[in-house]
Structures are given as structure tokens and as C-alpha cells.
Amino acid sequence: MRDILFRGKRVDNGKWVEGYYTELPCGSLGATIFSNDDELVCEDTKSYIIKVFTKQHTNYSNSNPLQVIECEKYEVIPETVGQYTGFRDDQGVRIFEGDIINVHYDDGTSYLTEVRADGNTLCVDIDDDFDDGNFTSIDFAIDRWREDGCELSVISNIYDKDKDADVAI
């Protein structure tokens with residue numbers, strides 16, 4: 001089973017954080033909620049990544065192996081939130097929606113592709129031209145690239161590529 005994990009850029013310092021994604025109402029007493037096509041929508045929300053971790057309780061002993069689950073929430077820029085694909089590149093880096101991947105073939109050729117969402121499917125380009133509509137689910141593409149002996153590297157993402165001058169897709 002695939003880990004359900006998200007990544008987003010923090011509002012307070014611009015650093016990336018991984019965890020569970022949620023939108024919470026602004027203010028302390030709630031927000032305006034209205035119905036939209038059989039769905040409840042909260043008008044004033046902020047986006048958060050919630051990081052969950054466990055640590056040993058201060059009274060830990062071999063006879064009392066108590067662990068405490070703690071959470072931290074970080075407000076994130078909603079446009080930067082991307083879901084984890086369930087895959088890692090050849091260096092062990094997690095691949096998220098919005099990442100830019102270098103696909104390097106053993107004949108020396110390579111190209112860059114972006115992980116995008118198409119409905120409920122995370123997709124990538126498989127022939128170096130994302131705008132031609134020839135893209136497929138990342139599950140299929142990863143299998144194909146592995147069969148072809150490709151090396152995969154996450155080199156940036158669409159939100160940081162302005163800082164990475166060498167990245168152009």
C-alpha cells in the first residue's frame with residue numbers, strides 16, 4: 001500500500017515540510033460554510049501540513065515502553081502542495097507532484113519531465129514533450145524507465161525552478 005503523504009512550502013520561512021494535508025477554518029470560532037453542489041465548502045481557510053511523530057515518554061523504561069504521539073502543524077502555500085507518488089528516485093529521494101525528474105538513458109540521452117496531476121492520477125511525460133498530450137501514469141512510466149535501464153533523479157520542482165538556473169522544461 002502506498003503512503004499517503006503530502007509536501008508543501010511553509011508560509012513562515014519558505015522551507016519544505018512533509019506530512020498530512022488539511023485545510024482548516026480561519027479564526028477561532030469558525031468560518032462561513034456554504035453548500036456547493038452537495039459539498040460543504042468553508043469560505044475562509046488556510047492550508048496546513050501536519051507532521052506526526054512518536055517519541056519515548058519521559059517515564060520510559062523497559063517495563064514501561066510508553067510512546068507519545070505528537071503533531072506539529074505548519075501553514076503552507078496552497079499552490080505548492082503536492083502528493084507523494086509512492087516512488088523514489090535512484091538516490092532514494094521521494095518523488096512528489098510538482099517535481100522535475102531527469103530521466104537518463106544508458107545511451108547518454110536524457111530529458112526532463114514534470115510530475116503533474118490529471119484528475120486523480122499523477123502523470124509524467126514519456127517522450128520529452130509534455131505539451132503534446134502524450135503522458136501516462138507515473139506507475140507505468142517508472143516501470144517502463146526501469147525496464148529500459150534509465151536512471152531517475154529528482155533535480156528540482158516547479159516552485160523552486162526559478163532558483164535553479166539550469167532547469168528548463
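How many bridges pair β1 with strand β7, and in which sense do the two strands run? The model on display is a predicted one, and this tour begins with that pair.

**Stop 1: strand β1 and its partners**

Select residues 82–88, which form strand β7, together with β1; the two strands pair in the antiparallel sense over 2 bridges. Within this pair, Phe6 stands opposite Gln83 of β7.

Now select residues 6–9, which make up β1. Are the two faces of this strand covered or uncovered? Both are covered: Phe6 and Gly8 lie on one side, Arg7 and Lys9 lie on the other, and all of these residues are buried.

Next, add strand β2, residues 16–25. β1 and β2 run antiparallel and are joined by 4 bridges. Two places along this pairing deserve attention. Phe6 stands opposite Gly19 in β2, and Gly8 stands opposite Val17 in β2. The hairpin that these strands form has 6 residues between them, and in it Gly14 takes a positive phi near 75°.

**Stop 2: a patch on the surface**

Remain with β2 and select Tyr20, which has its place in that strand. Is Tyr20 buried or partly exposed? Its relative accessibility is 48%, so Tyr20 counts as partly exposed. Add Val52 and Ile69 to the selection: with Tyr20 they form a nonpolar patch on the surface. Together the three residues have about 320 Å² of accessible area.

**Stop 3: the sheet β10-β9-β14**

Select β10, β9 and β14, the 3 strands of an open sheet with antiparallel pairing, in the order β10-β9-β14. Why does one side of β10 and of β14 lack a neighbour in the sheet? β10 (110–114) and β14 (151–157) stand at the edges and each has a single partner strand, so one side of each is left without a neighbour in the sheet. From one strand to the next, the twist averages 25°.

Select residues 99–104 to display β9, which pairs with β10 in the antiparallel sense over 5 bridges. One point to locate there is Asn102, whose bridge partner in β10 is Leu112. Then select residues 138–147, helix α1, which packs on the sheet and touches β9, β10 and β14. The direction of α1 makes about 135° with that of β14.

**Stop 4: the sheet β11-β12-β13**

Keep α1 visible and add β11, β12 and β13. These 3 strands form an open sheet in the order β11-β12-β13, and their pairing is antiparallel. At the edges are β11 (116–118) and β13 (135–137), each of which pairs on one side only. On average, neighbouring strands of this sheet are turned by 50° against each other, direction ignored.

Strand β12 comprises residues 121–125 and pairs with β11 in the antiparallel sense over 3 bridges. To view one facing pair, select Arg116 and Cys123: Arg116 stands opposite Cys123, which belongs to β12.

Which strands of this sheet does α1 lie across? The helix lies across β12 and β13, and runs at about 100° to β13.

Conventions: Residues numbered from 1 in each chain as written. Predicted model: local features only at pLDDT ≥ 70, side-chain atom pairs only at ≥ 80, totals over all residues. Heavy atoms only, no water. Pairing = 2+ DSSP bridges. Axes fitted to C-alpha atoms, helices over the stretch in contact; angles between N-to-C directions. Contact = heavy atoms within 4.5 Å. Patch = residues over 30% accessible without salt bridge, like charges linked within 9 Å, V, L, I, M, F, W, Y side chains within 5 Å. Areas by Shrake-Rupley, 256 points an atom, 1.4 Å probe, with all protein chains shown as cover. Salt bridge = Lys/Arg side-chain N within 4 Å of Asp/Glu carboxyl O. Buried < 20%, exposed > 50% of the residue type's maximum accessible area, 1.4 Å probe, protein only.
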